[in-house]
Amino acid sequence: MSPLYNNQSKEIQINKYISEKSDEIIAFINENKKVLLNASPGSGKTTFFANLCITHLQNKKEGRIIFCSPYLIIQGQFKRALEKKNVNVDLELNAASNRKQLLPQDKIITTTYKSLRLIEEDLHSNDLLIIDEAHSLLYSYKKEGKRDFFVKAIQVLYKTSAKMVLMTGTPYHGISKLLSLSELRVVREEIKARVKVDYSNTKYLAVALSFAENCLMQYGKEKLNVIYIRNTKKCDSIKSAIEDNFKCKAFVLTSKRKQTAVYKTLEKESFIQKDYQFLITTNVISTGANILNNNIGKALMIDEFNPTEIKQFSKRFRKKPDIEIEIVNKNYLKNERPVEEVRQELIEERNHQRFFYQRLLDAIKVFYTGEENLFKFDRNFHNETFIGSPVQLLENTIERLVIQEAYFVEQISYTFNTPKELVKALNKHDDVTSVLTESIDDNPQIDDGIYKQLDDLKFQSIISDFIVRQDIYFQTLLHYFTSIKDAYEKWKLEDFLKARRNIQNIRKKDLDKDILEIITQFDFISRILYPLYTVDEFIQDIPKSLYFIKTTPTNKRKSTLISLHINDLFRRYLNLDYQQYPLHPPSLKRKKNINSLTLREDAVTSSTLNLLIKTYSYLTSYDYINYEVLNKYLLDAELKFPLKSSFILDEIEIELPSKEVINYKKNLLIGLVNGLFYINPNQKYRKDPKGNRKATYMFELNLPNINEAKTTLQKKERKVIHDQQEKLDFQLATRRFSYPKLNPSPRFITSKNLILHKLLDDEYYYLIEDIEN
């Protein structure tokens, strides 16, 4: 565990590489045990520690050297650096590793931050941990839709007795204080990157295209130019726009592109092929991936005002340390208070929080000094007793401190939201020189909407091809998940296919390299495959599910899936009672053969059926549908629902602690109505009693015409709909808002086939006919 306070600091001067002072650095590490090596990118840190591995093996020293990096691409680049020196890595530890524990003979290990915890218990005082890109320890990332942090890695570093060296050129002092690091600062004469700070309201695509045009005019197609933007979808849009407009080659580099040839070359050789003119990337580069191309042109960063991020990005191009970088941010908001004042308040509050958590950690360490065994805890066998244990107290405190530090880093970076402040912050670095340029004028001739349309067309084209060549796509996906050693994603896909396709036939298909490129470069998995898993659970027909994904915007999908779910519940659990029909509409009741005890135990289904019955009552009382009126009608019914999460209950807003329903969301209301009756999708306006125009929807009076079907399949499906049709034509007056309607409109009970038929246009049936022919 980290000592209370024993940190020293030292500064050394070098000409070019830190290996010039090898003996001095090694002596500092051996003396202080826990070290922050503050050295700029390009100062030879990787080479120094690769040579240290060679010395370690040659001298047969005790202990192991463990190289730890935030991301796979940096882990891979370090492994290649060792291989070039004929040093083998004994264990490459990450999510895809088959072996996830140390063996006695292991000497050289590489691991990611997230996997470091797997070997925590095996670390000893004679081991050396090398933490590369240590500034990344305070980064956050998305995990299952939530924000997560590298907390577990920091917890391991705090508790371990191993020696450690944290390497970065932009250290966060909160981590140094937490781990009681002794700082070794490396000073040298730096070649400065040239940074121009612009500000504009011009849309990002227009900025990127203007930059690309300028690069091609200046360099032709001989140079590799770089465009940085954090959003992966915007990366794809920029790539498409540049290739479409300038007939040149661009590549998108993000952490999702691990199986592309360009990514693998970068990982192995730190090099990008020379036939590319543009690299469009997220911050995957600035977190440590090095590029050794000698044909680098210049770079553009869009909407980035974190000085640390900009400095790190500028140093990734090792053969171009004086790279020219243009930063174009949105026109900055005017601050109500001086930014220096806001920043100082944040710094003071951060120091206050830091002091509190540090004192708490010190108290824990003092109290348990000599009782280290209390901090050794095997959660695999004693998970329940972990709660309230000393190690949980320690880990929770570290977690809160790390999240606080990350929060303040982010908030302080926002205070550089004026051009002058950003330039001033950048010029504090030894290896960056920054100037403020004039604002870029808006270019109204370039419209982002055009490129969104192009992206949509490409998306639709890919799905149409997927519908036509399903087995080849599935085979390529299986190959892809196997190649990246993602057993979980492969299992999910196989499990999905088992109930729907013949997997053996799929495996016989040849691999399609064009499809593999689509999968790796078009966000195929998140935009198409994952939605397919969800949608087909309700539609249960892969071509129809894919076509639904193709033609229905993401925010419109849930109401349709709810309608399919509601119709399924209606058919399984409920019956229409025609005793008073046609004078009255048939009443909706639970089927007699349904086990009432089972339903009572299944509170979600039972409460949903009550909601369904009440909605049916509304739909047989009114001549058209207004969703505001329906919402009020259901609220007045005071229905009760369990406080659980489900596909339906997530669309109901319940107030606590009264458990009173305060709103039914629009998706649910639309799904309820369309899951019971066949509704015309065209909105019409009617006046309520106060003369206000209200949006309404009418009951569809006619079923799809069999004789107007365009294909044999479409005609067959329409005939099934007519054969299954249930039409209600009762005599009891209904209402139009508060007005009675003496001759109510007839209405069709809907079915799954009818709901799906509404989703499918003639193009779908032509597509299926082409497949069959």
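## A tour of two sheets and a helix pair

Start by selecting Arg527, Ile528, Pro531, Leu532, Val535, Asp536 and Ile539 in helix 19, which meet Ile542, Lys544, Ser545, Leu546, Phe548 and Ile549 in helix 20. Sorted by character, the residues of this contact are 9 nonpolar, 1 polar and 3 charged. Keep in mind along the way that this is a predicted model.

Now widen the selection to residues 524–539 for helix 19 and residues 542–551 for helix 20. Two packed helices are described by the angle between their axes and the distance between the axes. Here the angle is about 120° and the axes are 9 Å apart. Angles that fall outside the roughly parallel, antiparallel and perpendicular ranges count as oblique, and helix 19 and helix 20 are therefore oblique to each other. Turn the view to look at the crossing: helix 19 passes helix 20 in a right-handed sense.

**Next stop: the parallel sheet**

In what order do the strands of the 7-stranded open sheet run? Follow them as 13-14-12-15-16-11-17, paired in parallel. Color strand 13 (250–253) and strand 17 (432–436) to mark the edges; each has a single partner strand, so one side of each is left without a neighbour in the sheet. As you step across the sheet, the twist averages 20° from one strand to the next.

Zoom in on strand 12 (residues 224–228) and strand 14 (residues 278–281), a parallel pair joined over 4 bridges. For one of these positions, pick Asn225 and look for its bridge partner in strand 14, Phe278.

Then bring in the helices that pack on this sheet. Select residues 232–246 to show helix 7, which touches strand 12, strand 13, strand 14 and strand 15 (296–302). The direction of helix 7 makes about 175° with that of strand 13. Select residues 419–426 next: this is helix 13, in contact with strand 11 (193–199), strand 16 (324–329) and strand 17. Helix 13 points at about 165° to the direction of strand 17.

**Last stop: the antiparallel sheet**

Strands of a sheet pair through backbone hydrogen bonds, either parallel or antiparallel. The open sheet of 3 strands, ordered 20-24-23, has antiparallel pairing. Strand 20 (624–625) and strand 23 (684–687) stand at its edges with a single partner strand each, so one side of each lacks a neighbour in the sheet.

Finish on strand 20 and strand 24 (residues 693–698), which pair over 2 bridges in the antiparallel sense. Which residue of strand 24 stands opposite Tyr624? Select Met698 and you have found it.

Note on methods
Residues numbered from 1 in each chain as written. Predicted model: local features only at pLDDT ≥ 70, side-chain atom pairs only at ≥ 80, totals over all residues. Heavy atoms only, no water. Axes fitted to C-alpha atoms, helices over the stretch in contact; angles between N-to-C directions. Parallel < 35°, antiparallel > 145°, perpendicular 65-115°, else oblique. Left-handed = near helix turned anticlockwise from the far one by under 90°. Contact = heavy atoms within 4.5 Å. Nonpolar A, V, L, I, M, F, W, Y, C, P; charged D, E, K, R; others polar. Pairing = 2+ DSSP bridges.
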